[in-house]
Amino acid sequence: MASLNSSLAIATQSLQAQELEIQTTNNNIANANTAGYTRETVTLSEATPSQDGSVTIGNGVSIDGVSSVRDQLLTLQIQQQTSEQSSAEAQVNALSQIQTLFPSSGASLSSSLSTFFTSLSALSDNASSTADRETVIQSAQALVSQFNTISAGLTGPASGLNSTVSSDVSQINQLTAQAASLNHELGQQGSGGQNSGPIGDQLSQVETQLAALTNITVTHSSQGDSITTGSGTPLVLGNQSYALSTTTNSSGNVQVLDQSGNDITSTISSGDLGGTIKVRDTQIPSLLNSLDTLANQFATAFNAAQASGYDQNGNAGAALFTIPTTVAGSAAAISLATTDPTAIAASSDGSSGGNGNVAKLTALQTSPLASGQSATAQSANLVYQIGSLTQTATTNSTSIQQSLTALNNQQGSISGVSTDEESADLIQYQQAYEAAAKVINTIQSLFETTIDMVVQN
Amino acid sequence: MRFNPSINAAVTSDIQQSEQALQAAYQQVSTGLRVNQPSDDPSASAAYSQLQAQVANVDQYTSNAGSALSQAQLSDSVLTSVVSLLNQAVTLGTEGANGTSSASDRQSIATKIQGILTSVVGLANTTFQGISLFGGTVSGTQAFTADATSPTGYTYNGNDSVNQISVGDSLSVQANIPGSTLFTNANASVLGALSGLATALQSGTSAQIGTATSAITTALNYVTSQHAVYGNTINQLNSQETYLSQEKVTLSSQESSLVGIDAATAAEDLSQAEESNSSVLAAAAKVIQNSLLTYLQ
């Protein structure tokens, strides 16, 4: 049954609804620039109508709640791409530094190798020239120090990368603890799932930060978000977080352990941690192995060529390079066995001015070593290896960045706060509020009219 | 459809991309190189390092060839002098063999022949940058030294070996003829013939002097024939030098096509990058100013 009182009740509800709208709009505007904020909307619905005989009468507005506008799938995609992006970024940073060891111009391994061989070729012209022999020794020294320098340059970054691994792991532990406590708050709030408001925003922020560090899998449930590593080891389950730890292995590299002490280093494939581990455990060792192989095979072959000739004093050619028998560590350990210019075995017959063995020595530049490739080709191959690794990482980083920008844009179009939109909404809510206030004003004057009627009688 | 209200992130990334392109274009123009580090083009960088080694080799071969050429030319001129000295000896020998020449005439001719012998030995001891030209592959000693016990009065200190100078990846030229081949050959010994003639002039008959003179003619013919070896070396070196300078040109054009830039294209790229950068910046400045609030007054 219609009455002034029920109209007043409807108007009051309307005022409350508009107030809530205005407050939510206000909150959206206030957080327009807050990182990770998801815009909120008020869901209103018609109140259950009342029945008066055959007439159905509307009962005003009812407030269903405030919800965040977010696309969960998009968030997951963004987290995944963030992981890939940080991994590529970490590789680019490490590899760009290593790449400077192989410059296109100036002194490089290739140029030192080439200089060494041209200095030997000069001996073909005048095998007895002390100056020319001295030049060979000097260029051999330069070549040896190139090998040493590049080897040090390749092993040097490992300590930096190891401390990155340690600091990444401690950040992961902080973030997982944070996620667990957010899950706890969500549980208390009892509003798990999609529209979890500010806590949901924070949780999603924490997850994105985690994704930037390592590859994670996020599962939404009523207990909040469960987070596991790439290998399935739990990081966060409900309000419980599981810390990762680190240990240093026999080769001095920091390894990552899960909460039960299993080594999960090799399963970490992306994020800053994944990229760092990839550079440290795969890319640098492969470059170092190529360098060691070149140093070892070249020095061995050169020493053998020396042995087939005679030095300037007529003695059988002795080894020019000292090299370990094992390939690993050859580039770091290679050194000159002698700095005596007469030791170069230029002669093939023991005569002091003979150059018959020079051709054998210089042939090593182009003839295949034990690996099947010549020294020059192997050193060119190293340049290709590092160039290609750096290029791939850079290209990946650029293309993932683009897709990440597109995804973020899409997320912004769904969840971002538009001050224009909120301003327009504000006008709308202001007018609705004014109208509801006007209704109350009207009802008040109707009450007065009724009371006046009674007083006059 | 709702649009992303926060355009700043997109604007920033656009500006960054455009500035990166500008920087790359600028680096290419300023260095003249398309490849400035291995990651710019890994395979070109690898090929470039091998090309550089080839260029260094060509430079070294050129230097070897230049030096070998000087050595061969010096040896050639030494042999020319030896040939002319031997011709003089033949003339003197023929004069001495003449029945009309007196014993004192023969004595003075013998002295002249001795002088020629000394000159020839001096020439045979010629060195080039410390290398004895006719000492085989032995260095550090004179090719011939005086030795009273030897029938010719001189001993050969060198060996019979020959050095090959490499002047190309698969080309080497003979650098020397050992003195034992040129001057003390068993069949046509220059030094032997000269000392034989001197002895014959001092104490021999006309017939003996004649025989000794014809031995000099034999030696002369032999030296002349060996002379051709150096001529051949010089010809080879000249044509190799031409080849190497062409090779150098080919390699440097390969180098520039591998890692160099086309100046016109690079300049165009740079101005394009500049233009796109300034339009990105101008667009960003305009788009950020707009807001509904500007009009809601």
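This tour moves through the two chains of a predicted model, naming what to select at each stop.

Residues are numbered from 1 along each chain as its sequence is written, and chains are lettered from A and ligands numbered from 1 in the order in which they are written. Because the model is predicted, local features need pLDDT of at least 70 and side-chain atom pairs count only at pLDDT 80 or more, whereas totals for chains, interfaces and linings use all residues.

**Stop 1: where the chains meet**

Display chain A and chain B together. Here 46 residues of chain B are in contact with 49 residues of chain A; a contact requires that the C-beta atoms of two residues, placed from the backbone, lie within 7 Å. On chain B, select α1 (8–31), α2 (42–97), β5 (164–168) and α8 (292–295), each of which supplies at least two residues of the side that touches chain A. These labels denote DSSP runs numbered from the N terminus: helices are H or I of at least four residues, and strands are E of at least two. The greatest contribution to this side of chain B comes from α2(B), with 16 residues. By class, the side of chain B that touches chain A holds 18 nonpolar, 27 polar and one charged residues. In this scheme Ala, Val, Leu, Ile, Met, Phe, Trp, Tyr, Cys and Pro are nonpolar, Asp, Glu, Lys and Arg are charged, and the others, Gly among them, are polar.

**Stop 2: a hairpin in chain B**

Remain with β5(B) and add β6 (residues 171–174) of chain B; the two strands run antiparallel and are joined by four bridges. Strands are said to pair if DSSP finds at least two bridges between them. A hairpin through two residues connects β5(B) to β6(B). To see the register, select B:Gln164, which stands opposite B:Gln174 in β6(B).

**Stop 3: helix pairs in chain B**

Return to α2(B) and add helix α3 (residues 103–124) of chain B: their axes come within 10 Å and cross at roughly 165°. Axes are lines fitted to C-alpha atoms, for helices over the stretch in contact, and angles run from 0 to 180 degrees between N-to-C directions. That angle makes α2(B) roughly antiparallel to α3(B), a description applied to angles over 145 degrees. The crossing of α2(B) and α3(B) is left-handed, meaning that the near helix is turned anticlockwise from the far one by less than a right angle. Residues to select in α2(B) include B:Val78, B:Leu85 and B:Leu92, and those in α3(B) include B:Ile109, B:Ile116 and B:Leu123. The contact of α2(B) with α3(B) divides into ten nonpolar, four polar and three charged residues.

Next, select helix α5 (residues 190–203) and helix α6 (residues 206–259) of chain B, whose axes come within 9 Å and cross at roughly 160°. The helices α5(B) and α6(B) are therefore roughly antiparallel, and their crossing is left-handed. Among the residues that meet are B:Leu194 and B:Leu197 in α5(B) and B:Ile209 and B:Ile216 in α6(B). The contact of α5(B) with α6(B) has twelve nonpolar, three polar and no charged residues.

**Stop 4: domains and a helix pair in chain A**

Turn to chain A and colour domain 1 (4–69 + 417–456) and domain 2 (108–156 + 287–387); such bounds come from an automatic or database domain assignment. The centres of these two domains of chain A, taken over C-alpha atoms, are separated by 88 Å.

Select helix α3 (residues 109–125) and helix α10 (residues 375–415) of chain A: their axes come within 9 Å and cross at roughly 165°. The crossing of α3(A) and α10(A) is left-handed. Among the residues making the contact are A:Leu113 of α3(A) and A:Leu382 of α10(A).

**Stop 5: strands of chain A**

Select the open sheet of four strands of chain A, ordered β5-β6-β7-β8 with antiparallel pairing. At its edges stand β5 (216–221) and β8 (240–241), each with a single partner strand, so one side of each is left without a neighbour in the sheet. Within the sheet, β6 (residues 224–229) and β7 (residues 234–237) of chain A pair over two bridges, and A:Ile227 stands opposite A:Val236 in β7(A). Helix α6 (residues 197–213) of chain A packs on the sheet, touching β5 and β6 of chain A, and its direction makes about 5° with that of β6(A).

Finish at β9 (residues 245–248) and β10 (residues 254–257) of chain A, antiparallel strands joined by four bridges. A:Thr248 stands opposite A:Val254 in β10(A). Five residues lie between β9(A) and β10(A) in this hairpin, and A:Gly252 in the turn has a positive phi of about 85°.

Key: Parallel < 35°, antiparallel > 145°, perpendicular 65-115°, else oblique.
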